[in-house]
Amino acid sequence: MALLEDELHIILFEKQGRNIVLTKAGRVFLDQVNKILDEIRITEKKMHELANSEGHISIAYVYPLANHYIPHIVRSFLDENAGKNITFQFNQSYTKKLIEGLKSNEFDIIFGSACDNEPDIHFSPIMEQEMVVIMPKNHPLTKLSSVPTGELANYPLIGYERFSGLGRFTSQFYKDQNLSVNILCECPDENAIAALVAENFGIGLVASVDALAHANVEIRPLADLHLGHTVYMGYLKDHYQIPVIRAFIQFVKKNTVSI
C-alpha cells in the first residue's frame, strides 16, 4: 500500500483505531479501478463473442439491392445464427463510393458492380439481373411482346446516373450496339426511373428488380438478345476478418443465384 501511495503521490489509506480505511482520495481511486475492471470484463466478453462468430458487420450496397436482396440475405443469415449477438450496419451508395469505403475500412463487405482496376478487392458474383425495357401504359411499344434493341434510339430514355455501376453498364451497351440514344434525365435507381416513365417522360432500360412489380409501367424483354448485369459481393484480399464476417461471406456465396 505504501508503494502505491508513493507512486501516486497521495494518501489512499488511513488508520481508524485498529482498522485501516480509505481516504477520500482512496475512495475515488477505488471507484476508478472498479470502472477499469468492468471495462476489462466487457472487453473480454466482446473478444469472446468475436472469437465465436458474433459481433458487428458493416455492409454497403447499391440502391437497387435495398428493396429485397439485402434485407432478405441478412434476415436469412440472422435466422440461421439465432441466439448469437450479431449486429449489422447498413449503408447505401454508388459503386465508386462503396469501393472507397471498403478500402478505408469503413465497410467490411460491399455489394454492387465490379471494377477491373482494383487488385486488392475480391469480387464474387452473386446474381445476374436481366435488363428489361419499361414504358408507360399507353406507349406504342406496349403492342409488342418484346422490344427490338434499335427501338431504344427512337424514344427519350430515362437512364441511370452515369457514374453508377448500371449507368456505366448501360452506356457501354449503347456504344457496343452503335445506338444513338437520347438520355432525357438520369436517376439513382429503378424506383425513380419507373416513376418518371409512368408519367410519360420516356422509356427506360433497367434491371429487372422486385420493385418494378409495384410500378405503374409496362415491362418487356429485349427481342434480339439477352442482356444481363452481374452483381458482385466485394471484400478486401489478404485482410484479416473476424469470424462473423467470414461466416457471412460464406453464407452469401452459398446462397448465390446461379449465373
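**View 1. Helix α5 and strand β11 at the second largest pocket.** In this predicted model, α5 and β11 each contribute at least two residues to the lining of the second largest pocket. The full lining is made up of S113, A114, C115, G165, R168, F169, H229, T230 and Y232. About 170 Å³ of space lies inside this pocket. Sorted by class, its lining residues are four nonpolar, four polar and one charged.

**View 2. The cavity that α5 and β11 help to line.** Let us stay with these two elements and turn to the enclosed space. How many cavities of 30 Å³ or more does a search of the whole structure find? The search finds one, and the volume of this largest cavity is about 130 Å³. Among its 16 lining residues, V62, Y63, P64, G165 and L166 are the closest to the centre. Helix α5, spanning residues 165-176, and strand β11, spanning 228-236, each provide at least two residues of the lining. Which classes of residue make up the lining of the largest cavity? There are nine nonpolar and seven polar residues, and no charged ones.

**View 3. The largest pocket, with α3 and β6 in its lining.** The largest pocket has a volume of about 310 Å³. Of the 18 residues around it, look for L65, H68, Y69, M127 and D210, which lie nearest the centre. Helix α3 (69-80) and strand β6 (121-135) each supply at least two lining residues, and α3 gives the most, with four. The lining divides into nine nonpolar, seven polar and two charged residues.

**View 4. L65 and the largest nonpolar core.** L65, one of the residues nearest the centre of the largest pocket, also belongs to the largest nonpolar core, which has 36 residues. The members that touch the most other members are I57, I59, L65, Y69, I109, F111 and F248. Many elements meet here: β3 (55-61), α3, β4 (86-92), α4 (95-103), β5 (109-112), β6, β11 and α7 (243-254) each supply at least two residues of this core. Which element gives the largest share of this core? That is α7, with six residues. Leaving out residues up to four places away in sequence, L65 itself touches I70, P71, F111, M127, Q129 and V231.

**View 5. Q129, a contact of L65 in strand β6.** Q129 is one of the residues that L65 touches, and its place is in strand β6. Is Q129 buried or exposed? Its relative accessibility is 6%, so Q129 counts as buried. Beyond its neighbours within four places in sequence, Q129 is in contact with L65, L166, A207, V209, L227, G228, H229 and V231. Two of these names will be familiar from earlier views: L166 is among the residues closest to the centre of the largest cavity, and H229 lines the second largest pocket.

**View 6. The buried face of helix α4.** T95, L98, I99, G101 and L102 are the buried residues of α4. Viewed down the helix axis, these buried residues fall within an arc of 165°, so they line one face of α4. They pack against β3, β5, β6, α5 and β11. After the helix comes N105, with a positive phi near 65°.

**View 7. L205 and its surroundings in strand β9.** L205 sits in β9, a strand of residues 204-207. With a relative accessibility of 2%, L205 counts as buried. Setting aside neighbours within four places in sequence, its contacts are M131, V132, V133, L152, L157, Y160, T170, F173, Y174, L222 and L227. G159 is worth finding too: its C-alpha atom is 7.1 Å from that of L205, although the two residues are 46 apart along the chain.

**View 8. Two loop residues with positive phi.** Most residues other than glycine have a negative phi. N200 is not a glycine, yet has a positive phi of about 70°; this residue is in the loop between α6 (190-198) and β9. D238, also not a glycine, has a positive phi of about 50° and is found in the loop between β11 and α7. Is D238 buried or exposed? Its relative accessible area is 86%, and D238 is therefore exposed.

Notes:
Residues are numbered from 1 along each chain as its sequence is written. This is a predicted model: local features need pLDDT of at least 70, side-chain atom pairs count only at pLDDT 80 or more; totals for chains, interfaces and linings use all residues. Side-chain values use heavy atoms; hydrogens and water are left out. On a 1 Å grid over the protein atoms alone, a cavity is a set of points where a 1.4 Å probe fits but cannot get out, and a pocket is an open set with protein on both sides within 12 Å along at least five of seven lines; lining residues have an atom within 4 Å of a point. Grid points are joined across faces, edges and corners, and a volume is the space filled by probe spheres set on the points. Ala, Val, Leu, Ile, Met, Phe, Trp, Tyr, Cys and Pro count as nonpolar, Asp, Glu, Lys and Arg as charged, and the others, Gly among them, as polar. A nonpolar core is a set of buried Ala, Val, Leu, Ile, Met, Phe, Trp, Tyr and Cys residues joined through side-chain atoms within 4.5 Å. Buried means under 20% relative accessible area, exposed over 50%, partly exposed in between (1.4 Å probe, protein chains only). Contact means heavy atoms within 4.5 Å. The arc is that of the directions from the helix axis to the C-beta atoms.
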